[in-house]
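Subject: Handover of a structure and a summary of its features

Dear colleague,

Please find below the structure that I am handing over to you. A summary of what was found in it follows.

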Amino acid sequence: MDRLWRSIPAKGQRDLWKRKVEQLSEQVDSLKETLDKHSFRQRKRILEAKERAELFERANGESSHVLQIFDDEAQARQSARTSARALDEAYETGVAILQKYSDQRDRLKSAQRKALDVLNTVGLSNSVLKLIERRHRVDKKIAYGGMILTVVLMVAFWRLTH
């Protein structure tokens with residue numbers, strides 16, 4: 001091809017064919033390089049497969065031990081997944097409980113406001129109002145204590161599973 005482009009009489013066409021021949025030779029070089037890399041990788045894979053087969057043949061007595069190790073690892077992985085799912089479920093339950101507490105607190109505040117309005121209009125004494133407020137504080141402490149206990153139990157469960 002190199003000789004053919006030189007034999008073209010017109011200079012413009014000769015330059016065009018020269019570039020085409022150069023591009024074609026670059027493509028050929030690139031394809032050769034790619035083919036060499038591919039064949040090298042293929043030979044390397046075949047060699048690794050042969051070495052692997054030789055190792056498995058040598059480990060006749062130990063192959064059951066290797067399989068036992070893989071089984072133990074698979075069981076541990078499965079156990080970790082199960083624990084993660086249980087922890088996610090416990091977390092979602094905790095979030096749902098806290099949301100319910102928040103809704104309940106809002107409802108109780110609304111009910112307290114309405115009750116205080118009714119009591120004020122009826123004219124109950126201050127001592128009864130103080131008793132109601134004290135009861136509200138105790139209920140609040142119980143609610144927060146329950147929340148803290150829930151969080152502590154979740155953390156303890158998480159630590160036991162991990």
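**A charged residue in the second helix**

Glu57 is exposed, with a relative accessible area of 57%. This residue belongs to helix α2, which covers residues 11-58. Glu57 also takes part in a negative surface patch, together with Glu48, Glu51 and Glu54. Please note that the model is a predicted one.

**The chain as a whole**

The protein chain holds four helices and zero strands. Read from the N terminus, the order of its elements is α-α-α-α. Of the 162 residues in the protein chain, 6% are buried. The accessible surface of the protein chain amounts to about 14300 Å², and carbon and sulfur atoms account for 59% of that surface.

**Annotated regions**

Two entries from UniProt may help you to find your way along the chain. In an unreviewed entry, UniProt lists a "coiled-coil region" at residues 14-41. In the model, residues 14-41 are 100% helix and 0% strand, and the C-alpha atoms at the two ends of this stretch lie 40 Å apart.

The unreviewed UniProt entry also places a "transmembrane region" at residues 142-160. Here too the model can be set beside the record: residues 142-160 are 100% helix and 0% strand, with 27 Å between the end C-alpha atoms.

**Salt bridges**

How many salt bridges does the count come to? The count comes to two salt bridges. As general background, side chains of opposite charge can pair when their charged atoms come close.

One of the pairs joins Lys37 and Glu33, whose closest N and O atoms are 3.7 Å apart. Both Lys37 and Glu33 are in helix α2, and a spacing of four residues puts them about one turn of the helix apart. Lys37 counts as partly exposed because its relative accessibility is 48%, which falls between the limits of 20% and 50%. Glu33 is likewise partly exposed, with a relative accessible area of 48%.

The other pair is made by the side chains of Arg135 and Asp139, with a distance of 3.2 Å from N to O. Arg135 and Asp139 are both part of helix α4, which spans residues 126-161. They too are four residues apart, about one turn of the helix. Is Arg135 buried or exposed? Arg135 is exposed, at a relative accessible area of 56%. Its partner Asp139 is partly exposed, with a relative accessibility of 34%.

**A patch of positive charge**

Besides the negative patch described above, the surface carries a patch of positive charge. The residues that gather in it are Arg105, Lys109, Arg113, Arg134, Arg137, Lys140 and Lys141. Which helices each supply at least two residues of the positive patch? They are α3, which runs over residues 63-122, and α4. Helix α4 gives the most to this patch, contributing four residues.

Lys140 may serve as an example from the positive patch. This residue lies in helix α4, and Lys140 is partly exposed, with a relative accessible area of 41%.

**The end of the chain**

Where is His162 placed? His162 is located in the segment after α4. His162 is exposed, with a relative accessible area of 58%. Its C-alpha atom is separated by 8.2 Å from that of Ala80, although His162 and Ala80 are 82 residues apart along the chain.

**Points to look at**

When you open the model, I would suggest the following order:

- the negative patch, which includes Glu57;
- the salt bridge between Lys37 and Glu33, then the salt bridge between Arg135 and Asp139;
- the positive patch, to which α4 gives four residues;
- the C-alpha atoms of His162 and Ala80, 8.2 Å apart.

With kind regards

Methods:
Residues are numbered from 1 along each chain as its sequence is written. This is a predicted model: local features need pLDDT of at least 70, side-chain atom pairs count only at pLDDT 80 or more; totals for chains, interfaces and linings use all residues. Side-chain values use heavy atoms; hydrogens and water are left out. UniProt positions are given in the numbering used here, feature names are shortened, and annotations may be inferred rather than shown by experiment. Patches are made of residues with over 30% relative accessible area and no salt bridge: like charges are joined within 9 Å, nonpolar side chains (Val, Leu, Ile, Met, Phe, Trp, Tyr) within 5 Å. Accessible areas come from the Shrake-Rupley method with a 1.4 Å probe; for residues, only the protein chains shown count as cover. A salt bridge is a side-chain nitrogen of Lys or Arg within 4 Å of a carboxyl oxygen of Asp or Glu. Lys and Arg count as positive and Asp and Glu as negative; His and the chain ends are not counted. The place of a charge is taken as NZ of Lys, CZ of Arg, CG of Asp or CD of Glu. Buried means under 20% relative accessible area, exposed over 50%, partly exposed in between (1.4 Å probe, protein chains only).
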